[in-house]
Each structure stands twice: as structure tokens, then as C-alpha cells.
Amino acid sequence: MTICVPHFWKLGNRYYPLFQIKNIPEGSHQYELLKHAEATLGSGNLRQAVMLPEGEDLNEWIAVNTVDFFNQINMLYGTITEFCTETSCSVMSAGPRYEYHWADGTNIKKPIKCSAPKYIDYLMTWVQDQLDDETLFPSKIGVPFPKNFMSVAKTILKRLFRVYAHIYHQHFDSVMQLQEEAHLNTSFKHFIFFVQEFSLIDRRELSPLQDLIEKLGSKDR
């Protein structure tokens, strides 16, 4: 199992802790795909940026973007860890109607109730383990993706969404205080457009932020 070791990244004049960052090897095709995605994002058209590039493999495109969203969410959550504590967030929730319990099916088979920081620690460690597994996320050209890849990717993205939902519901005041709401909104909008483009998360799973999703989407119509 991967152990989460703190790293740091800089936003503005502050340094924030990270669980870890998953690097895509330079020179690999996935690295070129990531560069393409970043260049398209620079155009400001997020709907276009999430579309599958012509001639590319769907699984590889989803893999590259899943890694990128994992890194983004790591960074975003890192900015508010001092506000997300065992005391302030004794349960992992997204508002009063949504509470999440953790299970990974291997080490913890029966869902357990835990604090938000503990849940997110479990989650990020679990995601990192999936991303590091070459049989699930192959990084070498010519190595095929497994038949269950799409199912695994959907589970990862569904769980990463919960971190966005927790930040918006429980810590948005802190995000605004840090003047990071534009960064959070852009990242979340990119994430939502991506999962919508490829139908990767069930609509009911998105319920905690449905109003925000509709608001963000309406601006691009």
C-alpha cells in the first residue's frame, strides 16, 4: 500500500501540504495527451477541452484526466486542511443530507463512519494505489487496459467528487477567505464537464452539488 507522505505546493504566497502527486512520465504518449489537454484548457473552452482528441484511445484519455483530477483535488484540499479537522469535520459529509462512509472492498470491507480528514486520507491513499497499479493504469505504449478499467475509473471519479462536495459545503467560506474560489470553480467545472461528456458518474451521485452544476453549465449554453 502507498503511504501518504506530505509534499507542498505554492499558490500565491502560501505553501500548502499535499498527500502526493502522481507524475506521468515525460516522453510517454500519456504525457503528450496531458500537454494537449493543458493547451486546450488554455483556450478557455472547457466543453471542447474535455472532448476525446481525434484518433485517441478513450481509456487512455480517461486515465490521463483521472490522474490530472487526482492531482488537482490533492492541491485544492491541501489549501484547507487546517480548517478540516477531526473536531470541525467529525463525519465526512456534503451538507446535512449527505454523509459518506469509507470502504475499499479489500482492507475495509464494511463501510465505516469516520471524520472527513480520515476519509479523505483513506480515499487519496486508495486512489494512489489504483493509479500506481500498472495492470489497471498501464503507462507503457502497447500495454492494453484491463476489461474492468472503466468500472475502476468511474469509482475513482465518483469518490473524488465527494472531496469537491465536502469542500463546497463545509469549507467554502475558508476558500473565499483564501481568495481561491475562482481556482476551485474552474477545477470543478472542468471535472463536471469531463464526467458528463463520458457519462462517468451517475446523476444521483452528483446530487449534493446539483444546483451548482446546473449554474456552471448554464453559463456555457
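Which residues of helix α7 (residues 210–218) are buried? In this predicted model, local features require pLDDT of at least 70 and side-chain atom pairs count only at pLDDT 80 or more, whereas totals for chains, interfaces and linings use all residues. Residues are numbered from 1 along each chain as its sequence is written, and side-chain values use heavy atoms, with hydrogens and water left out.

The buried residues of α7 are Q210, L212, I213, L216 and G217. Here, buried denotes a relative accessible area under 20%, exposed one over 50%, and partly exposed the range in between, with a 1.4 Å probe and protein chains only. Helices (H or I, at least four residues) and strands (E, at least two) are DSSP runs numbered from the N terminus. The five buried residues lie on the same side of α7, because they cover an arc of only 160 degrees around the axis; the arc is that of the directions from the helix axis to the C-beta atoms. The exposed residues D211 and K215 are carried by the face of α7 turned away from the buried side. Packing of the buried residues of α7 is against α2 (46–49), α5 and α6 (181–197), where contact means heavy atoms within 4.5 Å.

The overall fold can be described next. Seven helices and four strands are present in the protein, and from the N terminus on the elements run β-β-α-α-α-β-β-α-α-α-α. Of the 221 residues, 50% are buried. Among contacts with a separation of 6 or more, 69% involve residues 24 or more positions apart. The protein exposes about 11,400 Å², of which carbon and sulfur atoms supply 50%; accessible areas come from the Shrake-Rupley method with a 1.4 Å probe, and for residues only the protein chains shown count as cover.

An annotated site was then examined. According to the unreviewed UniProt entry, the annotation "binding site" covers C84, C89, H166 and H171. These four residues are spread over 88 residues of sequence but cluster in space, with a largest C-alpha distance of 9.9 Å. UniProt positions are given in the numbering used here, feature names are shortened, and annotations may be inferred rather than shown by experiment.

Within this group, C89 is located in the loop between α3 (58–78) and β3 (92–93). C89 counts as buried because its relative accessible area is 5%. Apart from neighbours within four places in sequence, C89 is in contact with C84, S115, A116, P117, H166 and H171. Contacts of C89 thus include the other annotated residues C84, H166 and H171.

H171, by comparison, belongs to helix α5 (residues 149–177). With a relative accessible area of 3%, H171 is also buried. Its contacts, leaving aside neighbours within four places in sequence, are with I80, F83, C84, C89 and H166. The side chains of H171 and H166 are further joined by a polar contact of 3.1 Å; such a contact is a pair of N or O atoms within 3.5 Å, and within protein one must be able to donate a hydrogen and the other to accept it, while residues adjacent in sequence count only if both atoms are side-chain atoms.

The cysteines were also examined for disulfides. A disulfide is a covalent bond between the sulfur atoms of two cysteines, and is assigned here to a pair of cysteine sulfur atoms within 2.5 Å. By this rule the count is zero. C84 is in no disulfide, the nearest cysteine sulfur being that of C89, 3.9 Å away. C84 counts as buried, at 3% relative accessibility.

A further set of features lies in the loops. M51 is placed in the loop between α2 and α3 and is partly exposed, with a relative accessible area of 43%. Although M51 and E197 are 146 residues apart in sequence, their C-alpha atoms are 7.1 Å apart in space. Not counting residues up to four places away in sequence, M51 touches W61, E197 and F198.

Backbone torsions complete the description. Most residues other than glycine have a negative phi. Q179, however, has a positive phi near 60 degrees; Q179 is found in the loop between α5 and α6 and is exposed, with a relative accessible area of 71%. S199 likewise has a positive phi, near 50 degrees. S199 is in the loop between α6 and α7 and is exposed, at a relative accessible area of 56%.
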